[in-house]
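Got your viewer open? Let's take a walk through this structure, one selection at a time.

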Amino acid sequence: MLDKLEDDQYVHRRKINHYYPFHDEGEWELGKFLVENLTQTQITKFLKLKWFDAPNCARPSFTTKDHLLDWMDSLPSFAPWKVSKLAFKGYKTVRPVELVWRDALEVVKQLFSDPTFANHMTFNPYVANVKNQREYGDYMSADMAWKIQDHLPLGATQVPIILGSDKTPVTRLAGGIEMHPVFVTIGNIDSEVRSKATLRAWRCVAYIPIIKFRVHTDYQSILQARLWHKCLDLVFANLKVAAKDGCFMPDPSRYIRHVFTPLISRQVDPWDLDKFQKAAKAVNLSGVHMPYWRDWMFACPSVFLAGEVLHTCHKFFADHPLKWIKEALGDYELDTRFMVQHKQVGMRHFAKGITHVNQMTGHEHRDIQRTIVASIAGAVPPRFVRTIRALVDFFYLTQNLVHSPESLQLMVQALSDFHACKDAIIQAEARKGKKGVKEDFFIPKLELLQSFNGTIQKLGTLMQFSADVTERLLITHCKDLFPWTSRQIKDFTEQCVRILNRQESMEMFGLYMLLTSRGASLVNAIYAEDEDVTIANSALSWVSRVLPDEVKSIHGPRPVRNHFLKGILSGDALTAFQLNITPDYKSLSPSDIRMKYALLGFERALAEFICCSPLSSGENSCWDPKYGRFQVWHKFRLQLHLAFQPRVIMPSRVVQAYPPSDDFPFGNCDTVLMETTGIDGKTTSCIAQVRLIFQPTVRRGSNLELPSCLSDPLLYIQFFHFISSPDDCPELVMWTVERTYTQEENGNRCRKGAVIRVTDVTHAVELIPVYGEAVANSVSSATSLEHYERFFLNNFADKESYHTFSTEFV
């Protein structure tokens with residue numbers, strides 16, 4: 001794709017000056033900054049600053065804003081934007097119908113040949129088998145890819161088309177002109193790249209005008225729907241020809257491929273309107289008689305109009321199950337149960353409850369689902385809890401990045417459990433409408449959930465089609481466009497076209513100049529990924545390999561910090577730990593720790609740990625913990641690999657262990673899952689609360705040496721023990737734990753504690769108190785972990801916890 005820039009009319013000048021028409025790299029960066037960040041008026045004011053008249057200050061070659069913009073507009077473009085005027089015969093509109101668009105086939109060619117994605121593309125269908133089970137991941141691993149491939153000529157490549165659109169108007173400027181953007185991407189690009197809006201794997205191909213017709217209001221919606229499809233017909237005309245007859249286009253390595261472009265997903269005389277609309281409504285149809293997909297080869301609405309997670313699951317949860325829960329518990333009790341939950345770094349805490357929020361985002365819906373099941377236990381009948389848990393189970397399973405027949409069966413079973421227990425919602429009179437209690441479940445989105453199993457087998461995991469990215473695209477691709485126009489109605493669409501062409505030209509020219517000016521190839525070489533993956537940004541990954549000193553020039557998501565490189569590793573090297581170089585307390589005595597952290601059993605636990613830890617050969621330490629000094633930290637980080645993609649490193653989790661304070665009278669301490677080895681050598685898992693993060697030290701100049709068992713950071717923890725398993729509580733399917741106590745010599749009961757290595761920790765976990773029928777009055781988020789004795793081990797805390805406690809944990 002970038003090699004097209006070498007066919008530009010000014011290529012001979014760029015052999016002398018890479019940045020032509022700009023004088024050098026600095027002037028190019030200045031011009032790009034001005035155009036991207038200032039309005040035209042502000043650019044003019046900037047260029048008139050007296051600062052440029054200073055003797056030692058070089059004035060840029062462009063002297064006016066028109067001069068600068070002309071230079072930017074002269075940069076090569078790929079799939080140019082244009083404006084087309086449309087008309088509906090026999091129907092007048094309030095404003096002219098002006099469609100801002102570009103040829104979708106040219107955009108697809110640009111995506112397919114983009115060297116940025118060279119190491120993130122798949123060209124042929126494949127079957128992945130793991131542990132004798134087929135896996136369904138991206139589209140190319142699913143059944144539909146094989147079915148379509150069987151109908152293509154030998155050696156042909158399919159370029160699956162994925163469309164996205166959102167009905168949120170991107171502009172209400174310029175006298176109320178409204179447009180809805182349409183986006184396109186291709187299924188060859190890995191879903192982990194497509195799922196991030198800032199990585200340029202999605203491109204906008206049209207801004208559909210929202211026009212009012214001069215007709216009766218009854219016919220507005222049907223004509224607007226027909227206009228929508230007519231516009232898409234124009235935008236995708238050449239794509240539909242390519243789907244039927246094929247075409248040739250280069251891939252990222254510049255190999256020419258014979259490709260076909262089937263539509264696999266969209267994430268959203270019949271002109272006698274009076275008779276036609278009545279007939280359409282009678283059979284629940286919209287009245288669009290010529291949908292844009294009617295002549296698109298391989299396109300079937302029952303396939304590409306698949307349900308997606310954001311609206312079909314999360315929006316459905318907010319519109320229905322969450323309302324049932326509010327009716328059953330009442331706003332006050334439900335809010336209280338969320339407000340008193342222990343705060344964890346990186347986890348959303350609803351300090352004011354959840355019932356007061358009228359409009360929530362998909363992220364907030366997901367955050368509520370994390371704790372809703374354990375939170376309502378005890379306050380509603382068990383079958384009611386089981387109904388909600390079955391739905392949340394289903395939602396979590398649908399979000400798997402990879403599916404197998406086993407996970408699909410679990411998904412089907414979860415939905416079946418919901419239907420088997422949903423009468424509990426009716427019995428609780430929790431499902432209500434405008435006329436009172438409803439005794440049916442006629443909910444279209446609920447019915448759509450039944451199609452998920454078949455859709456995954458046909459198209460692959462649903463997460464690759466989530467509307468989350470489409471909504472994000474409105475911000476990354478559209479929201480910044482219209483403020484740069486002059487907002488004059490007369491030439492508004494022409495301004496949009498110039499700005500859109502200018503933005504894309506600047507972006508591609510910047511990458512081209514970065515590579516050519518430093519002698520790098522324009523072809524992104526394919527390499528074997530045998531190392532851990534921390535970079536989802538394909539452009540950053542490419543530049544970091546060929547020009548590591550220029551990574552700051554690339555925008556977008558930054559790499560996850562890899563603690564496996566320099567951190568402390570667990571014995572199996574599956575978990576990495578990181579502590580700050582500088583501790584929060586550099587030198588505390590045992591008595592300091594006992595007083596500051598209120599840990600009366602610390603010294604005894606440390607002595608037991610040293611006693612039970614075998615010394616290495618030749619070790620004979622005289623270090624006495626009673627007189628030792630300790631470095632102490634308030635937190636450490638724990639990092640794991642992604643369960644479904646073991647090569648991918650996850651962002652680290654913070655585990656806190658703060659001492660008591662005014663805000664946290666008992667301290668602010670998180671809980672973890674750890675492994676302990678018994679006398680018999682068997683390894684068991686247990687839950688513990690981290691109370692102290694420390695490491696013994698010796699003073700400078702001392703002849704004492706620490707034993708090897710004290711060489712890594714240690715934790716003082718307090719135990720919980722399991723009192724029931726998921727099988728004991730079928731409505732929750734969660735483990736229940738209780739604080740563990742021991743008897744002191746004086747007969748007093750105290751919490752059982754111990755010292756362990758930080759590397760004994762395997763996961764950060766979340767505990768939800770067993771509230772019972774109502775939350776205790778004196779409890780807050782700062783004290784809930786200390787006030788209650790029994791807790792649910794929340795397997796919905798995050799997707800990794802769900803996987804761990806569903807498949808690995810025993």
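## Stop one: the hidden spaces

About 50 Å³ of space lies in the second largest cavity. Before you go looking, a word on the model: it is predicted, so local features need pLDDT of at least 70 and side-chain atom pairs count only at pLDDT 80 or more, while totals for chains, interfaces and linings use all residues. Residues are numbered from 1 along each chain as its sequence is written, and side-chain values use heavy atoms, with hydrogens and water left out.

What is a cavity here? On a 1 Å grid over the protein atoms alone, a cavity is a set of points where a 1.4 Å probe fits but cannot get out, and lining residues have an atom within 4 Å of a point. Grid points are joined across faces, edges and corners, and the volume is the space filled by probe spheres set on the points.

Now select H342, Q344, T671, V765, E766, L767, I768 and L785: they line the second largest cavity. That lining splits into 4 nonpolar, 3 polar and 1 charged. (Ala, Val, Leu, Ile, Met, Phe, Trp, Tyr, Cys and Pro count as nonpolar, Asp, Glu, Lys and Arg as charged, and the others, Gly among them, as polar.)

Keep E766 selected, since E766 lines the second largest cavity and also turns up at the largest one. The largest cavity has a volume of about 80 Å³. Of its 13 lining residues, the closest to the centre are Q341, R348, H349, R370 and E766. By class, this lining has 3 nonpolar, 5 polar and 5 charged residues.

## Stop two: α16 and its partner

Which helix gives the largest share of the lining of the largest cavity? It's α16, with 3 residues. (Helices are DSSP runs of H or I, at least four residues, numbered from the N terminus.)

Select residues 362–376 for α16 and residues 331–339 for α15: the two pack at an angle of about 115°, with their axes 10 Å apart. That makes α15 roughly perpendicular to α16 (65 to 115 degrees). Axes are lines fitted to C-alpha atoms, for helices over the stretch in contact, and angles run from 0 to 180 degrees between N-to-C directions.

Show side chains next: L334, R337 and F338 in α15 meet I368, T371, I372, S375 and I376 in α16 (contact means heavy atoms within 4.5 Å). This contact has 5 nonpolar, 2 polar and 1 charged residues.

## Stop three: α2 and two neighbours

Jump to α2, residues 25–37, and add α3, residues 40–47. Their axes are 8 Å apart and the angle is about 140°. The pair is therefore oblique (not under 35 degrees, not over 145 and not 65 to 115). Here L30, L34, V35 and N37 of α2 meet Q42, I43 and F46 of α3. The contact divides into 5 nonpolar, 2 polar and no charged residues.

Now add α23, residues 492–516, whose axis comes within 12 Å of that of α2 and crosses at roughly 150°. α2 and α23 are therefore roughly antiparallel (over 145 degrees). W28, K32, V35 and E36 of α2 make the contact with R502, M506, F509 and G510 of α23. By class, there are 4 nonpolar, 1 polar and 3 charged residues in it.

## Last stop: two backbone details

Zoom in on Y20 and P21, which are joined by a cis peptide bond with omega about 10°. P21 sits in the loop between α1 (11–14) and α2.

Finish at F298, in the loop between α11 (273–282) and α12 (301–304). F298 has a positive phi of about 70°, although it is not a glycine.

Conventions. 1 Å grid on protein atoms, 1.4 Å probe; cavity = no way out; pocket = protein on both sides within 12 Å on 5 of 7 lines; lining within 4 Å.
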